Amino acid sequence: MGKKIIILYTLLILLIPNVALCFTEHLSLSASLSNIFLSASLIAFILSVSPRLGRNIWLLFPLFFFAALQIVLLNLYGRSIIAVDMFLNLVTTNSGEVAELLGNMLPILSTVVILYVPVLISACIMWKKHISTDRSTITVCRRCSIIFALIGTISFGAACNSINPYRPSKDLYPLNVCYNIYLAFDRTIKTAGYHDTSAGFTYNAVPTHPADSTEIYIAIIGETSRAENWQLTGYSRPTTPLLSSRKDLLVGKNALSESNTTHKSVPMLLSPVSATDFDRNIYKAKSILTAFKEAGFHTAFLSNQGHNRSFIDFYAEEADTTLFIKDEEIGDGSDLRLLEVLDGIIAIGGRKQLIVLHTYGSHFNYRDRYTGVRPTFVPDDYDEAVRANRPLLINAYDNSILVTDRLVSECITRLEKIPGLLGGVVYTSDHGEDIYDDEHGRFLHASPLPTIHQVHVPFLAWLSPALTATYPEKASAMSRNMAEFISTSRSYAPTLIDIAGIETEKTDSLASLFSVSYHPHEAVYLNDHNECVSLMELL
């Protein structure tokens, strides 16, 4: 009897994701039956493949892993299967970020441990003691497997011929997860070969500004900073007091990112690649650091994050000076420690410079983003990330925005002290964040389907007085263009190239906010399968 209960329990707990996805993905009845019964048939067959029940259960370990991960992700994001980007995040996220996240997900992690670990432990014991299933139980399992397969196959046929065709690679769990693993491996292999596939790439960049001019451009890439929490973009709290006091700042309030994942959004910000041609060109193109180098600039890439073994690292390596200060343990941990290194780069970098600052911004755990800075918004001492703690989480998040405010302001202050400088500071964030904003209870970012909180980001620019005076028509155009819709993934790189007076056919001049011919692009999004889709249809 005990073995029959274990078999039934194993079948039921492994089908939890199948049942849940029927509701979260709004599957039709035929698709739902196919999703449940085809998986049930597979599970029942494997449980009866031999009398060694313990071994049979361990043969199902991939499904245990998928089920546990799927439940965690549904708890975080409310819908969708385990995405390609989820697997890629496992290898492109540093261990510190993982530890911060897992430490605040104990309730749901405890749930999946209680659900799945006891069965695996029991299976180990049965395997070791050579406990076997009786023949009658095996026969019942196999008959159930056949019946489940028949129901699932009939339902599958009906689903595939429905008005909204059923797509097994996207809709049938766990086949869709296996397909996503394949895509993740394929992208990992292509990424590993990036240096070979991009070796011949050149911008053929030509500088147009006077050779004797002093030029410094600082490109700041924020992390997980959503526009709705910026005072500059209409937030009621004073989260950007320093920047808000400036009269010479250009602010884009209608800016959206084309991705809610760092490993996609940052490469798009720093290269001519966008959601439209991402899969086609991301493995071929180099970053704008190479364009600036070709135009005679000294380049520096300074990061307050760790290495992520992907395009961000590759782009950093293109710079004349590369420093990941998180690895060097410089300063107190907040982004403000970038300023000390920045001062050194400005001092020795020469007449023409591009400096990229990649911040840690407002990435969870929020309280760690303003270490050494006295918090303004209190209380901020949440013990875990749950909906009940939203006021505390928002306080901590807003405190992290204050650090970004100071960082950007300090960068501007440093440049405006240099007489006659042709220069500028351009800031945007890779993506935003969900912080239990509505009844769906979503938290964090990188969900397979974005929310407005995850893609609406701030976009700021400061142009030096000398640059504005030298190119008044373009500066005036940028002031007007900032009121238009901005796709940050598409416009950030061309804008920097244009401000610096670099001519190249590899960037889209119509996407430059510094151009009198700026043309807003439709709001699009790079989905999990790297397909460019309308963002408005997803929100």
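Which residues does C22 touch, not counting residues up to four places away in sequence? They are L27, S32, N35 and I36. This is a predicted model, and the report below walks through some of its local features.

**Helix α2 and its partner**

Start with C22. This residue is found in helix α2. Is C22 buried or exposed? C22 counts as buried because its relative accessibility is 9%, and buried means under 20%. Now look along the chain. C22 and E318 are 296 residues apart in sequence. In space, their C-alpha atoms are 47 Å apart.

Helix α2 covers residues 16-24. It packs with α5 at an angle of about 30°. The two axes are 9 Å apart. The crossing of α2 past α5 is left-handed. Which residues make the contact? From α2 come I16, P17, A20, L21 and T24. From α5 come A67, Q70, I71 and L74. By class, this contact has 7 nonpolar residues, 2 polar ones and no charged ones.

The spacing of such residues is worth a thought. An α-helix has 3.6 residues a turn, so residues three or four places apart point the same way. Keep that in mind when you look at the lists above.

**Empty space inside**

Rolling a probe the size of a water molecule over the atoms shows where empty space is left. How many cavities of 30 Å³ or more does the structure hold? There are 3. The largest cavity has about 50 Å³ of space.

Its lining is made of L14, N18, S39, L42, I43, L63, A67, Y173 and P174. One of these, A67, is also in the contact between α2 and α5. Two helices, α3 (29-47) and α5 (61-77), each supply at least two lining residues. Which helix gives the most? That is α3, with 3 residues. The lining holds 7 nonpolar residues and 2 polar ones, and no charged residue takes part.

**A strand residue and a helix residue**

I220 is found in strand β2. I220 counts as buried because its relative accessibility is 0%. Leaving aside neighbours within four places in sequence, I220 is in contact with L357, T359, L407, V408, C411, V425, V426, Y427, T428 and Y492. Take V408 from that list. I220 and V408 are 188 residues apart along the chain. Yet their C-alpha atoms are separated by 7.7 Å.

K326 sits in helix α18 (residues 325-328). Why does K326 count as partly exposed? The reason is its relative accessibility of 26%, since partly exposed lies between the cut-offs of 20% and 50%. Beyond four places in sequence, K326 touches S303, N304, Q305, G306, R337 and Y360. K326 and G200 are 126 residues apart along the chain, and their C-alpha atoms are separated by 32 Å.

One contact of K326, R337, leads on to helix α19. This helix spans residues 337-348. Its buried residues are R337, L338, L339, V341, L342, I345 and I346.

**Backbone angles**

Some residues have a positive phi. Three of them are set out here.

| Residue | Place | Phi |
|---|---|---|
| T224 | loop between β2 (215-222) and α13 (241-244) | near 60° |
| L444 | strand β10 (residues 443-444) | about 75° |
| G350 | just after α19 | about 95° |

T224 is a residue other than glycine. L444 is not a glycine either. Are these two residues buried or exposed? T224 is buried, with a relative accessible area of 0%. L444 counts as buried at 7% relative accessibility.

Next come the peptide bonds. Where are the cis bonds described here? One runs from F364 to N365, with omega near 15°. Another runs from V378 to P379, with omega near 0°. N365 lies in the loop between β7 (352-358) and α20 (390-416). P379 is also found in the loop between β7 and α20.

**Looking back**

Return to C22 in helix α2. Its contacts include L27 and I36. The helix around C22 packs with α5, and α5 in turn supplies at least two residues of the lining of the largest cavity.

Notes: Residues numbered from 1 in each chain as written. Predicted model: local features only at pLDDT ≥ 70, side-chain atom pairs only at ≥ 80, totals over all residues. Heavy atoms only, no water. 1 Å grid on protein atoms, 1.4 Å probe; cavity = no way out; pocket = protein on both sides within 12 Å on 5 of 7 lines; lining within 4 Å. Points joined across faces, edges and corners; volume = space filled by probe spheres on them. Helix = DSSP H or I, 4+ residues; strand = E, 2+ residues; numbered from the N terminus. Nonpolar A, V, L, I, M, F, W, Y, C, P; charged D, E, K, R; others polar. Axes fitted to C-alpha atoms, helices over the stretch in contact; angles between N-to-C directions. Left-handed = near helix turned anticlockwise from the far one by under 90°. Contact = heavy atoms within 4.5 Å. Buried < 20%, exposed > 50% of the residue type's maximum accessible area, 1.4 Å probe, protein only.
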